[in-house]
Amino acid sequence: MPFVVDNSVVVGWYFESQATPYTDRVLDLLANETAHVPALWVLEFSNVLRKALKAGKADTARIQEIITLVNALPISVDHTSVECRKQPGPGAAIWVNQLRCRLPGLGNSAAAPHCRQ
């Protein structure tokens, strides 16, 4: 049965200090199920990665590895409430596109042609 997962649970999969038996059980569910997250999760998770990098809790290579790993999981992002249209392709590309749409000066430029005008 599909389920909704919170950002704090996903973070526990990649940062030992946030891992709990519960986060481990939820990760095990993904072997046979799909997790759903709201569009806001993209920004929440990106912010955790940014803060971890800034605080020295993870280096750039580890952050890239986490992004690759999370993109391989069956996580469905509900894009119905975001300003950008849902783009096909891997989750990381969608994240980058959504972030570009929210950055001043990029949302209406050639760098982000998929953003709504």
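## Burial and the overall fold

A residue counts as buried when its relative accessible area is under 20%. That cut-off helps in reading this predicted model, in which buried residues make up 34% of the 117 residues in the chain. Val 10 has a relative accessibility of 0%, so Val 10 counts as buried.

Let's look at the layout next. The chain holds five helices and three strands, and from the N terminus on these elements follow the order β-α-α-β-α-α-β-α. Of the contacts with a separation of 6 or more, 61% join residues 24 or more positions apart.

## The nonpolar core

The largest nonpolar core takes in 23 residues. Those with the most contacts inside this core are Val 5, Val 10, Trp 13, Tyr 14, Phe 15, Trp 41 and Phe 45. Two or more residues of the core come from each of α1 (7–14), β2 (35–38), α3, α4 and β3 (75–78).

Tyr 14 is a good place to start exploring. Setting aside neighbours within four places in sequence, Tyr 14 is in contact with Phe 45, Arg 62, Ile 66, Leu 69, Val 70 and Leu 73.

## Two buried residues of α1

Val 10 is found in helix α1. Once residues up to four places away in sequence are left out, Val 10 touches Val 5, Trp 41, Phe 45 and Val 70. Val 10 and Phe 45 are 35 residues apart in sequence, and their C-alpha atoms are 8.1 Å apart in space.

Asn 7 also has its place in helix α1. Its relative accessible area is 9%, so Asn 7 is buried. Apart from residues up to four places away in sequence, Asn 7 touches Trp 41, Glu 44, Phe 45 and Val 48. Trp 41 and Phe 45 are thus among the residues touched by Asn 7, and Val 10 touches Trp 41 and Phe 45 too.

## How α3 packs on α4

Two packed helices are described by the angle between their axes and the distance between the axes. Helix α3 (residues 40–54) and helix α4 (residues 60–71) pack at an angle of about 155°, and their axes are 9 Å apart. Angles over 145 degrees count as roughly antiparallel, and α3 and α4 are therefore roughly antiparallel to each other. The crossing in which α3 passes α4 is right-handed.

Which residues meet where α3 and α4 come together? On the α3 side they are Trp 41, Phe 45, Leu 49 and Leu 53, while α4 brings Thr 60, Ile 63, Ile 66, Ile 67 and Val 70. By type, the residues of the contact of α3 with α4 divide into eight nonpolar, one polar and no charged. Some of these names appear elsewhere in this report: Trp 41 and Phe 45 are listed among the core residues with the most contacts, and Ile 66 and Val 70 are among the contacts of Tyr 14.

## How α1 meets α2

The axes of α1 and helix α2 (residues 21–29) come within 9 Å and cross at roughly 90°. Angles from 65 to 115 degrees count as roughly perpendicular, and α1 and α2 are therefore roughly perpendicular to each other. Ser 8, Val 9, Gly 12 and Trp 13 make the contact from α1, and Tyr 22, Thr 23, Val 26 and Leu 27 make it from α2. The residues of the contact of α1 with α2 divide into five nonpolar, three polar and no charged.

Leu 27 lies in helix α2. With a relative accessible area of 32%, Leu 27 is partly exposed. Leaving out residues up to four places away in sequence, Leu 27 touches Trp 13 and Leu 73. Leu 27 and Val 9 are 18 residues apart in sequence and 8.5 Å apart in space, C-alpha to C-alpha.

## Pro 38 in strand β2

Is Pro 38 buried or partly exposed? This residue of strand β2 has a relative accessibility of 41%, so Pro 38 counts as partly exposed.

Not counting residues up to four places away in sequence, Pro 38 touches Val 77 and Asp 78. Pro 38 and Thr 80 are 42 residues apart in sequence, with a C-alpha to C-alpha distance of 8.7 Å.

Methods:
Residues are numbered from 1 along each chain as its sequence is written. This is a predicted model: local features need pLDDT of at least 70, side-chain atom pairs count only at pLDDT 80 or more; totals for chains, interfaces and linings use all residues. Side-chain values use heavy atoms; hydrogens and water are left out. Axes are lines fitted to C-alpha atoms, for helices over the stretch in contact, and angles run from 0 to 180 degrees between N-to-C directions. Helices (H or I, at least four residues) and strands (E, at least two) are DSSP runs, numbered from the N terminus. Angles under 35 degrees count as roughly parallel, over 145 as roughly antiparallel, 65 to 115 as roughly perpendicular and the rest as oblique. A crossing is left-handed if the near helix is turned anticlockwise from the far one by less than a right angle, and right-handed if clockwise. Contact means heavy atoms within 4.5 Å. Ala, Val, Leu, Ile, Met, Phe, Trp, Tyr, Cys and Pro count as nonpolar, Asp, Glu, Lys and Arg as charged, and the others, Gly among them, as polar. A nonpolar core is a set of buried Ala, Val, Leu, Ile, Met, Phe, Trp, Tyr and Cys residues joined through side-chain atoms within 4.5 Å. Buried means under 20% relative accessible area, exposed over 50%, partly exposed in between (1.4 Å probe, protein chains only).
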